[in-house]
Amino acid sequence: MLDAGGGCAAKYSAGRLEELLAGFAPAASENLMVGLSPADDAAVYRLDDERALVFTTDFFPPMVDDPAIFGAIAAANALNDVFAMGARPLLALSIAAFPEELALETVRAILDAAAAKVAESGAVLAGGHTIRDDDPKYGLAVIGTVHPDGVWRKSEARPGDALFLTKPLGTGLVLTAAHKRAARDEEVAAAVTSMTELNAQAAETLRPFEPSAVTDVTGFGLFGHAHEMAEGSGVKIVLEGNSLPALPGAIGAARRGLKTGGDQRNRDYVAGVLTLDGLAEDLATLAFDPQTSGGLLVALPAERSAVLTAAFDAEGLFLAMIGRVEEGGGVEVES
């Protein structure tokens with residue numbers, strides 16, 4: 001068994017990361033399509049007119065005590081960055097840090113579950129690197145491929161776009177409640193199902209609609225990632241507070257005052273650029289909640305909304321319209 005308490009809530013705070021990278025000189029290359037200026041969910045390097053490589057890495061401490069579930073979640077979370085760029089995974093390498101005293105069967109369960117998730121994505125797990133560490137951590141470095149014209153960026157949302165979310169929110173809240181023995185089994189199971197779900201099918205269904213901007217919602221919460229999309233695109237994002245979808249048990253946990261360790265860091269990150277307009281505190285907590293292996297936040301021309309919704313319904317996929325893109329700046333929430 002593992003000591004749960006990590007996941008994407010363990011990410012470096014967004015504000016501190018911005019401070020760390022301030023003044024950092026981005027690599028210059030005519031073939032580097034996406035790097036640090038502006039930053040996105042993964043780096044993209046053009047090979048030729050037909051092919052580009054998408055590269056990302058993601059790892060964290062356990063957020064559940066079941067090693068197989070942890071391995072599957074960690075792998076899905078890393079692979080989902082590739083899907084968020086409009087690409088398909090090709091190759092993955094493990095990034096692992098385990099205490100030497102951790103039982104081999106526990107380590108094997110993590111690695112086997114991760115390998116199964118990589119295979120499900122269509123990629124190959126081809127090795128990796130392992131070091132000794134007092135605290136277990138696991139994740140993947142992933143390479144994917146995409147046509148250079150098919151790269152999805154989070155910095156190209158346009159006024160007139162509608163905003164969609166492909167998974168409900170609240171993984172951090174539900175897991176926090178579970179750690180305090182305040183969540184029902186079915187609530188934890190729903191959160192685990194969400195976190196182990198690849199965004200592959202959602203991305204495939206979305207691809208023909210040529211979205212304006214896409215990012216995945218992870219450790220900075222919905223508000224943090226919406227802020228990144230708004231700032232990078234030079235637009236205002238307007239979210240409809242009462243349309244925010246929640247996992248079973250998430251709102252109940254928020255109403256009991258439960259929060260993850262990343263909640264305050266996410267609040268600090270968007271201070272000054274977020275207008276809540278009287279939004280109920282439980283919904284605000286839901287949108288600040290760090291997500292582990294969250295869904296895609298999609299900006300798409302509003303006239304395509306009905307057909308997109310029908311396409312997701314036909315595939316049995318979750319989709320919620322949660323707002324719109326307007327002229328201006330920042331993130332505004334209508335309650």
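Biologist: How much accessible surface does the chain have, and what share of it belongs to carbon and sulfur atoms?

Modeller: The accessible surface of the chain comes to about 14,400 Å², and 52% of that area belongs to carbon and sulfur atoms. Please keep in mind that this is a predicted model, and that the values we discuss are computed from it.

Biologist: What makes the chain count as compact as a globular protein of its length?

Modeller: The chain holds 11 helices and 13 strands. Its radius of gyration is 19 Å, and since the globule rule gives 20 Å for 335 residues, the two values are close, so the chain is as compact as a globular protein of that length. Along the principal axes, the C-alpha trace spans about 55 × 55 × 45 Å. Buried residues make up 53% of the 335, and among contacts between residues at least 6 apart in sequence, 86% join residues at least 24 apart.

Biologist: Why is strand β6 described as largely enclosed by the rest of the structure?

Modeller: A residue is buried when its relative accessible area is under 20%, and seven of the 10 residues of β6, which covers residues 137-146, are buried, so the strand is largely enclosed.

Biologist: Which strands are joined to β6, and in which sense do they run?

Modeller: Strand β3 (residues 52-60) is joined to β6 by nine bridges and runs antiparallel to it, with L53 having T145 as its bridge partner. Strand β4 (residues 88-98) is likewise joined to β6 by nine bridges, again antiparallel, and there A92 has V142 as its bridge partner. At least two bridges are needed for two strands to pair, so the nine bridges of β3 with β6 satisfy that criterion, and the nine bridges of β4 with β6 satisfy it too.

Biologist: Which residues of the largest nonpolar core touch the most other members?

Modeller: That core has 96 residues, and those touching the most other members are Y138, L140, L222, I237, L239 and I322. Helix α2 gives the most to this core, with 10 residues. Leaving aside neighbours within four places in sequence, Y138 is in contact with several residues, among them F59, F60, F70, A74 and L125.

Biologist: Why is the aromatic pair of F60 and F70 called tilted?

Modeller: The structure holds three aromatic pairs. For F60 and F70 the ring centres are 6.3 Å apart, which is within the 6.5 Å cut-off, and the planes meet at 40°, which is neither under 30 degrees nor over 60, so the pair is tilted. F60 lies in strand β3 and F70 in helix α2 (residues 67-84), 10 residues apart, and the pair thereby links distant parts of the chain. Both F60 and F70 are buried.

Biologist: What makes the pair of F223 and F288 edge-to-face?

Modeller: Their centres are 4.9 Å apart and their planes stand at 80°, and because edge-to-face requires over 60 degrees, the name applies. F223 lies in helix α7 (residues 221-233) and F288 in helix α10 (residues 281-288), so the pair ties together parts that are 65 residues apart in sequence. F223 is buried, and F288 is buried as well.

Biologist: What makes β8 and β10 the edge strands?

Modeller: They belong to an open sheet of seven strands with mixed pairing, ordered β8-β11-β7-β12-β9-β13-β10. β8 (213-216) and β10 (274-275) each pair on one side only, and that makes them the edge strands.

Biologist: How do you know that β7 is covered on both faces?

Modeller: On one side D161, L163 and L165 are buried, and on the other A162 and F164 are buried, which agrees with five of the five residues of β7 being buried. β7 (residues 161-165) pairs with β11 (residues 296-301) in the antiparallel sense over five bridges, where F164 stands opposite V298 and L163 has A299 as its bridge partner. β7 also pairs with β12 (residues 320-326) in the antiparallel sense over four bridges, with A162 opposite R324.

Biologist: Why is A190 counted as partly exposed?

Modeller: Its relative accessibility is 23%, and because partly exposed lies between the limits of 20% and 50%, A190 falls in that class. A190 is found in helix α5 (residues 185-196), and beyond its neighbours within four places in sequence, A190 is in contact with L247 and P248. The C-alpha atoms of A190 and G249 are separated by 9.3 Å, with their positions 59 residues apart along the chain.

Notes:
Residues are numbered from 1 along each chain as its sequence is written. This is a predicted model: local features need pLDDT of at least 70, side-chain atom pairs count only at pLDDT 80 or more; totals for chains, interfaces and linings use all residues. Side-chain values use heavy atoms; hydrogens and water are left out. Buried means under 20% relative accessible area, exposed over 50%, partly exposed in between (1.4 Å probe, protein chains only). Helices (H or I, at least four residues) and strands (E, at least two) are DSSP runs, numbered from the N terminus. Rings of Phe, Tyr and Trp (its six-membered ring) pair if their centres lie within 6.5 Å; planes under 30 degrees apart count as stacked, over 60 as edge-to-face and the rest as tilted. A nonpolar core is a set of buried Ala, Val, Leu, Ile, Met, Phe, Trp, Tyr and Cys residues joined through side-chain atoms within 4.5 Å. Contact means heavy atoms within 4.5 Å. The radius of gyration is taken over C-alpha atoms; the globule rule is 2.2 Å times the number of residues to the power 0.38. Accessible areas come from the Shrake-Rupley method with a 1.4 Å probe; for residues, only the protein chains shown count as cover.
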